[in-house]
Amino acid sequence: MNSSSFRISPMLTERIIQALSMLFAMYSVYCLYASFASIWYIVFEAPEFDFYETISVVSSCVIVPIAAFFFWKRKKIGWILIIFQSVMGLAFLAVILLAHAYIEADSFVQTSWSLSVHPAFMVAGAVFLLVICLKPIRAHYFISFHAMLLTISSAVIVAILVSIPLMNDLRVFEIYKMREGL
């Protein structure tokens with residue numbers, strides 16, 4: 001059985017899209033609820049512009065609800081925004097976890113990966129992406145294989161570019177230079 005022979009009935013495809021729309025809508029409501037304090041801080045109390053906080057708020061309070069709405073309305077832009085948001089989140093989380101592990105190697109404080117929930121988020125996000133990238137679901141949104149690859153690769157590039165200043169703030173590059181100098 002090859003991947004081109006994999007078929008999902010149209011009714012099941014519709015049910016999967018409805019379930020994913022509900023899941024993403026609940027996630028967008030949660031993001032709005034969780035970001036309320038950040039929105040309040042940025043608008044009323046922030047003494048200076050905070051790049052990461054602003055990117056996080058815009059991403060969770062603007063892009064996620066728009067993506068959920070357009071995905072539910074079966075628009076191509078909804079699928080692209082959900083994939084972009086999900087891949088960017090996973091890539092950003094991976095970069096942060098790698099930077100944290102790199103810093104932790106020089107630190108006296110050691111944390112246990114088994115107690116962390118981040119690997120669970122990585123697995124859940126990967127399963128979510130695999131379901132959305134199935135050919136029957138992509139066909140429902142008129143997304144070609146090349147458009148899917150372009151969306152995924154551009155999200156990874158954006159996540160890496162956004163994480164470079166964060167790694168600079170975490171002094172990852174300084175630690176790297178110190179290690180190379182030794």
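**Core and helices of a predicted chain**

Buried residues, meaning those under 20% relative accessible area with a 1.4 Å probe and protein chains only, make up 30% of the 182 residues in the chain. This is a predicted model, in which local features need pLDDT of at least 70 and side-chain atom pairs count only at pLDDT 80 or more, while totals for chains, interfaces and linings use all residues. Residues are numbered from 1 along each chain as its sequence is written, and side-chain values use heavy atoms, with hydrogens and water left out.

Me: Which helix gives the largest share of the largest nonpolar core?
Reply: A nonpolar core is a set of buried Ala, Val, Leu, Ile, Met, Phe, Trp, Tyr and Cys residues joined through side-chain atoms within 4.5 Å, and the largest one here has 24 residues. Two or more residues come from each of helix 1 (10-34), helix 3 (51-72), helix 4 (76-104), helix 5 (118-132) and helix 7 (145-169), where helices are DSSP runs of H or I, at least four residues long, numbered from the N terminus. The largest share, seven residues, comes from helix 4.

Me: Which residues does Ile82 touch, not counting residues up to four places away in sequence?
Reply: Ile82 is among the core residues that touch the most other members. With contact taken as heavy atoms within 4.5 Å, the residues that Ile82 touches are Phe24, Ala67, Phe71, Phe128 and Ile132.

Me: Is Gln85 buried or exposed?
Reply: Gln85 is found in helix 4 and, leaving aside its neighbours within four places in sequence, is in contact with Ser59, Ile63 and Val64. Because its relative accessible area is 16%, Gln85 counts as buried.

Note on methods. Buried < 20%, exposed > 50% of the residue type's maximum accessible area, 1.4 Å probe, protein only.
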